[in-house]
Amino acid sequence: MNNAFAPQPYDAFEDDLDLDLGPPPGPGAAPAAERQPLQFTGPQEQAAAPAPAPGPQAPTPAFNPVGELVAGAATALTPAGAQVAVSVPRIAIHIFAERQDTLAAAERAGQDRRLSRATTQVRLGGVAAAVETYGHEPTPPLIVVECLAGAQDLLNEIDHLAQVCDQGTKVVVIGPTNDILLYRELMRRGVSEYLVAPIQPLQLIAAIGGLFNDPAQPFVGRSIAFVGARGGAGASAVAHNTAYAMSERIGANTVIVDYDLPFGTAGLDFNQDPLNGVADALGQPERLDQTLLDRMMVRCTDRLSLFAAPATLDVDWDIAPDAFEEVTTRIRQTAPFVVLDLPHLWSVWMRRTLIAADEVVVVATPDLASLRNAKNMMDLIRQGRPNDAPPRLVLNQVGVPGRPEIPAKDFGAALGVHPSLTIPFEPKVFGAAANNGQMILDAAARSKSAEAFQTLAQIVSRREIAALPSARKPGGKSLFGKLFRR
């Protein structure tokens with residue numbers, strides 16, 4: 001029988017039992033021994049699928065062929081530290097569901113940030129609708145089909161689907177039963193993945209991402225974006241001190257990326273000459289490699305590196321949004337945690353960066369303008385990240401003398417989240433640290449703000465304080481000399 005799929009070797013199955021799950025031969029049909037399995041395109045590891053236990057082969061409720069995937073979905077998609085990122089290329093994905101809950105889960109998955117580059121179409125009808133559709137149009141790179149029929153009928157429908165698909169198409173099947181025999185036969189035929197209904201959005205996203213992950217570059221760090229609800233909210237100070245606490249108190253290698261090109265303060269806060277690290281990277285994102293990134297970064301401590309902003313006004317920073325995405329992706333390959341210090345502006349690349357980040361922290365002050373802006377931000381981020389936790393809220397500069405403030409409880413209730421942290425107003429502590437190019441943990445280790453930053457570092461990194469000795473390089477007594485030397 002002719003089929004359009006590229007062949008895949010399945011030598012591990014040659015000596016298995018004859019499952020006899022195919023359709024009975026009709027008049028003139030070829031003998032069962034000469035039947036050629038259908039060959040969908042599947043991942044290479046399918047050839048090493050586990051062999052069934054000897055003896056009578058019956059469905060084993062205790063074994064789930066996708067159990068590890070389901071159990072690890074949350075960890076794989078929202079990890080602490082390095083992870084294998086779900087990165088789906090710019091392809092078309094067609095999903096044919098039979099159940100209404102599968103349709104809803106697929107639609108929710110299609111809206112997820114991890115599938116933002118892919119084009120997803122979801123419709124009802126199952127395998128029959130897919131066969132009818134591809135009888136007169138080409139197939140996309142990935143098809144997800146659901147079939148609630150028994151094992152033999154499901155295999156028959158997959159046979160029909162293979163006859164109308166183009167070469168190189170990957171197929172994910174959603175079935176009704178947790179049956180290892182059915183799973184093995186689908187893998188033998190070249191199906192890329194088998195999921196058991198009902199499915200959840202993250203489960204489907206992880207399955208799709210697993211088909212396109214590049215095993216040659218499995219490492220990618222976790223991005224944490226800090227953004228201020230309004231100007232002067234102190235988002236940069238919170239981002240820098242939190243990153244410092246992550247590196248020096250938790251002991252995690254961390255990179256700070258200052259994306260406020262004309263007014264960034266990361267260089268000043270760490271008493272470093274603000275190099276054109278970020279600007280150079282954004283100007284040539286396609287040339288970035290590990291060596292070039294190391295040259296562009298400033299190493300503040302043994303575990304903390306900095307991509308400083310140039311902080312100059314003699315250049316009009318007109319940079320394509322795709323450049324920010326590419327640079328962020330490359331930097332995430334250098335450390336387990338990447339802290340993005342975002343400016344207070346709104347543009348295409350800002351929206352994309354906030355939605356694509358693994359964690360978003362909105363820093364606000366307890367006033368009406370911050371409340372309005374924070375609500376707008378959180379509503380937009382929730383809409384763009386339907387399968388992620390909502391952004392974290394940090395209330396900064398709480399307790400300014402003589403200033404009417406919105407109570408933290410009321411502020412959080414209006415946004416639908418509880419503030420993860422409140423940072424007290426300590427102008428002397430912050431002012432002295434800023435003027436000396438120090439972090440709060442060094443300038444005032446016993447202050448309430450220092451304790452707050454350590455707590456926030458544990459929250460966003462999901463790690464505990466390691467009580468490591470500080471590796472801070474000694475800085476100068478004042479920043480003013482370096483500031484005006486330029």
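This passage goes through the overall make-up of the chain, its aromatic pairs, one helix and a few backbone oddities.

The structure is a predicted model. Starting with the broad picture, the chain folds into 19 helices and 13 strands. It has 486 residues, and 48% of them count as buried. Contacts with a sequence separation of 6 or more are mostly long-range affairs: 81% of them come from residues 24 or more positions apart. As for the outside, the accessible surface adds up to about 22200 Å², with 53% of that belonging to carbon and sulfur atoms.

Next come the aromatic rings. A pair of them is described by how far apart the centres are and by the angle between the planes. With centres required to lie within 6.5 Å, the chain turns up five aromatic pairs. One of them joins phenylalanine 96 and tyrosine 134: the centres are 5.7 Å apart and the planes stand at 85 degrees, so this pair is edge-to-face. Because phenylalanine 96 belongs to strand β1 (residues 92-97) and tyrosine 134 to helix α4 (residues 126-134), the contact ties together parts of the chain that are 38 residues apart in sequence. Both partners are tucked away. Phenylalanine 96 has a relative accessibility of 1% and so counts as buried, and tyrosine 134, at 3%, counts as buried too.

Phenylalanine 324 and tryptophan 349 make a pair with another geometry. Here the ring centres are 3.9 Å apart and the planes meet at 5 degrees, so the pair is stacked. This one also links distant parts of the chain, with phenylalanine 324 in helix α12 (residues 321-331) and tryptophan 349 in helix α13 (residues 348-356), 25 residues apart. Phenylalanine 324 is buried at a relative accessible area of 4%, and tryptophan 349 is buried at 10%, since the cut-off is under 20%. The stacked pair doesn't stand alone, either: ring pairs join Tyr259, Phe324 and Trp349 into a cluster. Elsewhere, a ring has a charge for company, as the charged end of lysine 170 sits over the ring of phenylalanine 212, 5.9 Å from its centre.

Back to helix α4, the home of tyrosine 134. Its buried residues are Gly126, Val127, Ala129, Ala130, Thr133 and Tyr134. Looking down the axis of α4, these fall within an arc of 160 degrees, so they line one face of the helix. The face turned away from that buried side carries Ala128 and Glu132, which are exposed. What does the buried side of α4 pack against? Its buried residues pack against β1, β2 (119-124), β3 (142-146) and α5 (151-162). Strand β1 is also where phenylalanine 96, the ring partner of tyrosine 134, is found.

Finally, a few spots in the backbone deserve a look. Alanine 197 and proline 198 are joined by a cis peptide bond, with omega at about 0 degrees. Proline 198 sits in the loop between β5 (193-196) and α7 (201-212). Asparagine 271 has a positive phi, about 55 degrees, despite not being a glycine. Its loop runs between α9 (266-269) and α10 (277-283), and asparagine 271 is buried there, with a relative accessible area of 6%. Arginine 462 is another non-glycine residue with a positive phi, near 60 degrees. It lies in the loop between α18 (448-461) and α19 (480-485). At a relative accessible area of 37%, arginine 462 is partly exposed, whereas asparagine 271 is buried.

Notes. Residues numbered from 1 in each chain as written. Predicted model: local features only at pLDDT ≥ 70, side-chain atom pairs only at ≥ 80, totals over all residues. Heavy atoms only, no water. Phe/Tyr/Trp six-rings, centres within 6.5 Å; stacked < 30°, edge-to-face > 60°. Helix = DSSP H or I, 4+ residues; strand = E, 2+ residues; numbered from the N terminus. Buried < 20%, exposed > 50% of the residue type's maximum accessible area, 1.4 Å probe, protein only. Lys NZ or Arg CZ within 6 Å of the ring centre and 35° of its normal. Arc of directions from axis to C-beta. Contact = heavy atoms within 4.5 Å. Areas by Shrake-Rupley, 256 points an atom, 1.4 Å probe, with all protein chains shown as cover.
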